[in-house]
Amino acid sequence: MIHIYYGYGKGKTSAALGLGLRARGAGKSVTLIQFLKDNKSSELGVLPFDVFAAPESLPFNPGEEYKQWVSSAIDYIKSSKHDVIILDEFLDIIGSFIEEEDALGLITPLKGEVVITGHREVKSLFDKADYLTHFDKIKHPYDRGVKARKGIEF
């Protein structure tokens, strides 16, 4: 089954990780791949499942080095035998680091649960989704200039 959590509201990653925790509690194997995030998210130190290591830091405009990391992450996803695969911020690399048809070709043959998050709509993936949830931002401290807080937003 394909789950997609998208939009500009807070909570997409939290929902995906919550699903992963529930699955892990039921004895399922879970893996997390975080795109367009560095290796500094607070949850990474306590998750009871496999994590494909993100780059230590991410440049504002990811270039060739990041493209190579994405390629290695895609190889990892293709070889995964996990019951649940969480592709955090995956929607946001489509068109820049992976073509839409390649993204669809990557996720459709995967077995088990595939959980995808991101901001933007990707029609071909949305058409294939079994669960599609939109997170809409009504109000956020960032709008008032409050920076992301460790342990809350990252």
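1. How many bridges join strand E2 to E4, and do the two run parallel or antiparallel? In this predicted model, E2 (residues 30-34) and E4 are joined by 5 bridges and run parallel. Within this pairing, Val84 of E4 has Val30 opposite it.

2. E4 also pairs with strand E5 (residues 113-118): 4 bridges join them, and these strands too run parallel. Here Ile86 has Val115 of E5 as its bridge partner. The connection from E4 to E5 involves helix H3 (residues 100-107), and E4, H3 and E5 form a β-α-β unit that is right-handed.

3. Strand E4 spans residues 84-88, and 5 of its 5 residues are buried. Val84, Ile86 and Asp88 point one way, while Ile85 and Leu87 point the other way. In a regular strand, side chains alternate between the two faces of the sheet. In E4 the residues pointing either way are buried, Asp88 among them.

4. Which residues of H3 are buried? They are Ala103, Leu104, Leu106 and Ile107. These four lie on the same side of H3, because the arc they cover around the axis is only 160°. Their cover includes strands E1 (2-7), E4 and E5, together with helices H2 (64-79) and H4 (123-128).

5. The largest nonpolar core has 31 residues, and Phe35, Leu87, Phe90, Ile116 and Leu125 have the most contacts inside it. At least two residues of this core come from each of E1, H2, E4, H3, E5 and H4. The element that gives the most is H2, with 6 residues. Nonpolar side chains tend to be buried together in soluble globular proteins.

6. Leu87 of E4 can be followed through its contacts. Leaving aside neighbours within four places in sequence, Leu87 is in contact with Ile33, Phe35 and Ile77, with Ile107, and with Val114, Val115, Ile116 and Thr117. Apart from the core of point 5 lies another core, of 14 residues, which includes Tyr5, Leu19, Leu47 and Val115.

7. Is Phe154 buried, partly exposed or exposed? This residue lies in the segment after strand E6 (131-135). Its relative accessible area is 33%, so Phe154 counts as partly exposed; the buried class would require under 20%. Not counting residues up to four places away in sequence, Phe154 touches Lys40, Ser41, Ser42, Ala148 and Arg149. From Phe154 to Thr108 the C-alpha to C-alpha distance is 29 Å, with their positions 46 residues apart in sequence as the separation.

Methods
Residues are numbered from 1 along each chain as its sequence is written. This is a predicted model: local features need pLDDT of at least 70, side-chain atom pairs count only at pLDDT 80 or more; totals for chains, interfaces and linings use all residues. Side-chain values use heavy atoms; hydrogens and water are left out. Buried means under 20% relative accessible area, exposed over 50%, partly exposed in between (1.4 Å probe, protein chains only). Two strands pair if DSSP finds at least two bridges between them. A crossover is right-handed if, with the strands pointing away from the viewer, the path from the first strand over the helix to the second runs clockwise. Contact means heavy atoms within 4.5 Å. The arc is that of the directions from the helix axis to the C-beta atoms. A nonpolar core is a set of buried Ala, Val, Leu, Ile, Met, Phe, Trp, Tyr and Cys residues joined through side-chain atoms within 4.5 Å.
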